[in-house]
Amino acid sequence: MEDSELLANRIVQEVYEKGFSLTDGILDTASQHTLLKMMEDLIPHFKQASIGHQQDKQTNAEIRKDKIYWLSEDENLYRQSIGLFLPHLITGLNRRCFLGINAQEFMAAVYSPGDFYKKHRDAFRDSDARKITVILYLNPNWKTGDGGELVLHLPDKAPLIITPLGGRLLVFESILEHEVLASHTNRYSITGWLKQTELVV
Ligand code: OGA
Ligand code: NI
């Protein structure tokens, strides 16, 4: 992996300039397989994902079909992946983009064959706490035809189709619309959000 501070600075600059950043080779193949094994061991704990939050929360299989497992920061799956570079990324985003990020949430997500997630934004209607979406894909053997591509809709640009290749890191502004096309195989990722939460005094 590129020095994590240099990596973070480059990602921050790209997000600042164009709203997203894509980096390949964040993890070598051996670490991808280790993380994938950890994720497979957690599968019994995965739950059907929901849409919206608080009063709005509902599961809706016509919109979203993946299963998720929320990760705590001391979980090995988190520490050996996102945790390796996230502190630098948050510092950089706050310095360069004044996002005031003071919270985060990460989950492991699996799409089984046939699963998808229709076009949506990650920032909720009644709360804009989510500022930045971070996704690390863990599919070392992904090949054309496996599906599960993420389509990122950029304002005034052609949609960007991003394949969920193992070791690929995608960071984008949570207000951007995106969707996950139907996966034809098991598709694994660690996905999360950098948030600015309100201070209640
Ligand atoms: C999400 C999402 C995209 C992906 O979980 O909100 O859009 O590529 N995930 O897994
Ligand atoms: Ni999303």
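So, burial: of the 201 residues in this chain, 50% count as buried. Keep in mind that what we're looking at is a predicted model. On the outside, the chain exposes about 10,400 Å², and carbon and sulfur atoms supply 50% of that.

Okay, overall dimensions. Along the principal axes, the C-alpha atoms fill a box of roughly 40 × 40 × 40 Å. For 201 residues you'd expect a compact globule to have a radius of gyration near 17 Å, and this chain comes in at 16 Å, so the two agree. In terms of secondary structure, we've got 4 helices and 11 strands. And if you take the contacts with a separation of 6 or more, 78% of them are between residues 24 or more positions apart.

Quick word on charge. There are 22 positive side chains and 27 negative ones. The centres of those two sets lie 3 Å apart.

Now the inside. In soluble globular proteins, nonpolar side chains tend to be buried together. Here, the largest nonpolar core has 38 residues. Which residues have the most contacts inside it? Those are L77, I82, L89, L93, I132, V134 and L194. Let me pick V134 from that list. Skipping neighbours within four places in sequence, V134 is in contact with I82, L89 and F106, then with L169, L170 and V171, and also with I190, T191, G192 and L194. There's also a second, separate core of 14 residues, and that one includes F20, I135, Y137 and L154.

Staying with buried positions, have a look at A8, up in helix 1, which covers residues 4-18. Is A8 buried or exposed? Its relative accessible area is 2%, so A8 is buried. Once you drop residues up to four places away in sequence, A8 touches H88 and L89. L89, remember, was on that list for the largest core. A8 also pairs up in space with F85: they're 77 residues apart in sequence, but C-alpha to C-alpha the distance is 7.0 Å.

Next stop, E179, which sits in strand 10, residues 177-180. What does E179 touch, not counting residues up to four places away in sequence? On one stretch of the sequence you have Y117, K118 and K119, and on another E149, L150, V151 and H153. H120 is worth clicking on too: it's 59 residues from E179 in sequence, and the C-alpha atoms are 6.3 Å apart.

Over to a glycine, then. G114 lies in the loop between strand 4 and strand 5, the latter being 117-120. G114 has a relative accessible area of 38%, so we call it partly exposed. Leaving out neighbours within four places in sequence, G114 is in contact with K65 and S183. From G114 to G147 you go 33 residues in sequence, and 9.3 Å in space between C-alpha atoms.

Last thing, backbone angles, since somebody always asks about positive phi. Take F98: phi is near 50°, a positive value, and this isn't a glycine. Where is F98? In the loop that runs between helix 4 (86-97) and strand 4 (103-111). F98 is exposed, with a relative accessible area of 72%.

Then there's D156, where phi is near 60°, again positive in a residue other than glycine. D156 is in the loop between strand 7 (150-153) and strand 8 (160-162). How accessible is D156? It's at 84% relative accessibility, and that's over the 50% cut-off, so D156 counts as exposed.

To wrap up: a predicted model, with a largest nonpolar core of 38 residues, a separate one of 14, and positive phi at F98 and at D156. Over to you for comments.

Note on methods
Residues numbered from 1 in each chain as written. Chains lettered and ligands numbered in written order. Predicted model: local features only at pLDDT ≥ 70, side-chain atom pairs only at ≥ 80, totals over all residues. Heavy atoms only, no water. Helix = DSSP H or I, 4+ residues; strand = E, 2+ residues; numbered from the N terminus. Rg over C-alpha atoms; globule rule 2.2 N^0.38 Å. Buried < 20%, exposed > 50% of the residue type's maximum accessible area, 1.4 Å probe, protein only. Contact = heavy atoms within 4.5 Å. Areas by Shrake-Rupley, 256 points an atom, 1.4 Å probe, with all protein chains shown as cover. Lys, Arg positive; Asp, Glu negative; His and termini not counted. Charge placed at Lys NZ, Arg CZ, Asp CG, Glu CD. Core = buried A, V, L, I, M, F, W, Y, C linked by side-chain atoms within 4.5 Å.
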